[in-house]
Amino acid sequence: PFAFAVGALATRQTDDRWLRITRRWTLTAWGFLTLAIIAGMWWSYEVLGWGGYWAWDPVENASFMPWLTATAFLHSMMVQERRGMLKVWNISLIISTFLLTILGTFLTRSGILSSVHAFAEGPIGYWFLAFIALLLLASLALVAGRSGDLHSDGRLDSAASRETVFLLNNLIFAAFTFTVLLGTLFPLVAEAARGVRVTVGEPFFNRMTLPLCVALLFLVGVGPVLPWGRAQQRHLRRFAIPAAVGILAAVLALLAGARAPLALAGFAFAGFALAGNVGEFATGARARMRAHGENPVRALGRLISANPRRFGGYTAHIGVLVVAVGIIASSTFTTDREATLAPGESVTVGEYEIAFEEIWAREEPRRFVVAAELGILKGGERIGTMDPRLNFYQMSDQPISTPAVRSRAHEDLYITLMAFERDGSSVTIRVLIEPLVMWIWIGGLMIALGALISLRYRSRRADDAIARSPAGPREEVAA
């Protein structure tokens with residue numbers, strides 16, 4: 001996509017043809033990056049043993065920033081195709097995405113970061129830095145030189161329109177990316193300039209990005225309901241059911257014990273957006289059932305086949321919302337407790353009783369493993385055993401823990417072995433009960449599924465017909 005964007009600028013072919021040609025390539029790269037980020041979160045959660053899945057580590061951020069700009073691009077490219085707007089913005093987004101990808105490679109390969117995700121030190125970092133500078137200067141020169149060819153053909157007709165929502169969505173993504181970039185690079189710049197080691201950690205990122213996340217959840221619910229061009233009264237009436245679902249979600253979260261305003265707003269907007277996006281599927285399926293007499297499953301399948309790009313996008317939206325609910329719930333309602341147990345002793349955490357039975361050790365290839373055998377009871381009934389471990393490697397002074405995780409749809413029981421006595425007289429464990437974590441992984445797969453659906457072939461004639469259609473979402477679905 002970056003190569004085609006630069007080619008379009010160099011040859012003055014700045015219409016939306018390069019967008020159409022590269023759309024599938026962009027979706028493919030974005031889908032794989034989504035899966036990689038989710039897989040990294042799963043690895044951090046299941047393997048590192050610290051109890052979480054995202055720590056705002058600089059290398060995590062390096063993978064997340066191009067995902068943010070690519071997601072913004074996937075939305076704004078539709079505005080250019082439909083309305084002839086945001087040409088400079090789209091070129092800038094695709095250039096930024098490529099530059100941030102190279103920046104991520106530089107951060108992981110240059111040795112300037114201390115991270116479990118960084119790979120090695122070496123002289124290649126200087127080459128990457130020079131490459132980034134060359135790309136940046138050349139891209140800026142091209143955009144500046146072709147600014148006259150990048151004027152917008154269309155304009156915003158109404159504040160209540162889908163293109164306005166996409167514009168707001170893009171502004172929030174840009175602010176999000178800048179915040180993460182600032183927090184990631186500021187410690188490196190401060191150390192290089194003043195020799196002072198500065199840490200920008202989780203509190204900064206959470207304080208700055210959580211309001212942006214909540215705003216994005218709201219826009220994910222608004223965008224699909226509004227039409228292109230100008231919304232009519234009948235379109236605005238379609239917000240009634242999503243709004244009711246959002247209020248109900250906030251009330252349920254409040255009854256469950258959530259008190260943080262951002263958490264309550266997150267649950268409310270996630271419910272609102274889920275209802276709105278699922279409602280688009282329901283509306284289209286009902287229209288086909290009435291028109292063709294199809295059963296619900298067949299109607300839904302034909303609906304998606306008729307417009308894979310649109311309903312693939314809604315599938316990805318639902319995946320994002322499922323991930324958001326999993327993150328909010330696991331962050332808000334986590335139960336965390338540490339306990340030191342002798343053989344035969346137990347500790348009660350939530351509905352679970354964890355009993356220490358024995359400690360064992362064995363030599364494995366390239367490591368020595370110590371594990372605590374724990375009996376798990378729920379409601380007085382034994383439901384299994386778990387064995388959190390500590391791994392000792394010859395090349396490391398500190399042991400690396402491997403947690404024991406019992407995953408269910410509603411919650412995870414997560415146990416880490418913190419310490420042990422050499423004679424086996426006691427162990428110290430950390431027990432966490434984290435709700436809805438499994439739905440983070442399921443939501444990530446749904447996002448990738450949405451990208452895959454959107455890749456399905458449809459004729460250029462059909463694309464052009466929909467691009468010319470002034471109809472709102474309901475009329476397009478029925479058609």
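Helices here are DSSP runs of H or I with at least four residues, numbered from the N terminus. With that in hand, let's start inside one of them: T315 lies in helix α12, which covers residues 308–332. Keep in mind as we go that this is a predicted model.

How buried or exposed is T315? Its relative accessibility is 9%, so T315 counts as buried, the cut-off being under 20%. Leaving aside residues up to four places away in sequence, T315 touches F281, M446, L449, G450 and I453.

Now let's step back to see the whole chain. The protein has 15 helices and 10 strands. Its radius of gyration is 25 Å, close to the 23 Å given by the globule rule for 479 residues, so the protein is as compact as a globular protein of that length. Along the principal axes, the C-alpha atoms fill a box of roughly 75 × 60 × 40 Å. Of the 479 residues, 48% count as buried. The accessible surface comes to about 23500 Å², and carbon and sulfur atoms account for 63% of that. Long-range contacts are part of the picture too: among contacts between residues at least 6 apart in sequence, 67% join residues at least 24 apart.

Next, the interior. In soluble globular proteins, nonpolar side chains tend to be buried together. In this model, the largest nonpolar core has 65 residues, and the members touching the most others are W18, W30, M41, F64, I91, F176 and W441. Take M41 as a place to zoom in: not counting residues up to four places away in sequence, M41 touches Y53, W54, I440 and W441. Apart from this core lies another, of 20 residues, with L341, Y352, L374 and I376 among them.

Nonpolar residues also turn up on the outside. I247, L248, V251, L252 and L255 form a nonpolar patch on the surface, and together they have about 520 Å² of accessible area. One of these patch residues, V251, is found in helix α9, which runs over residues 240–256. V251 has a relative accessibility of 41%, so this residue counts as partly exposed, between the cut-offs of 20% and 50%.

Finally, let's follow the charges. A search of the whole structure finds 13 salt bridges. Which residue forms a salt bridge with D336? The partner is R430, and the closest N and O atoms are 2.7 Å apart. This pair links distant parts of the chain, since D336 sits in strand β1 (residues 335–341) and R430 in strand β10 (residues 427–435), 94 residues apart. D336 itself counts as partly exposed, at 44% relative accessibility.

Another salt bridge brings together the side chains of E294 and R288, at 3.2 Å from N to O. Here E294 is buried, with a relative accessible area of 12%, and R288 counts as buried as well, at 15% relative accessibility.

A further pair is E364 and R367, whose closest N and O atoms are 2.8 Å apart. E364 is buried, at 16% relative accessible area, whereas R367 counts as partly exposed, at 25%. Beyond such pairs, salt bridges that share partners join R238, E280 and R310 into one network.

Methods
Residues are numbered from 1 along each chain as its sequence is written. This is a predicted model: local features need pLDDT of at least 70, side-chain atom pairs count only at pLDDT 80 or more; totals for chains, interfaces and linings use all residues. Side-chain values use heavy atoms; hydrogens and water are left out. Patches are made of residues with over 30% relative accessible area and no salt bridge: like charges are joined within 9 Å, nonpolar side chains (Val, Leu, Ile, Met, Phe, Trp, Tyr) within 5 Å. Accessible areas come from the Shrake-Rupley method with a 1.4 Å probe; for residues, only the protein chains shown count as cover. A salt bridge is a side-chain nitrogen of Lys or Arg within 4 Å of a carboxyl oxygen of Asp or Glu. Helices (H or I, at least four residues) and strands (E, at least two) are DSSP runs, numbered from the N terminus. Buried means under 20% relative accessible area, exposed over 50%, partly exposed in between (1.4 Å probe, protein chains only). A nonpolar core is a set of buried Ala, Val, Leu, Ile, Met, Phe, Trp, Tyr and Cys residues joined through side-chain atoms within 4.5 Å. Contact means heavy atoms within 4.5 Å. The radius of gyration is taken over C-alpha atoms; the globule rule is 2.2 Å times the number of residues to the power 0.38.
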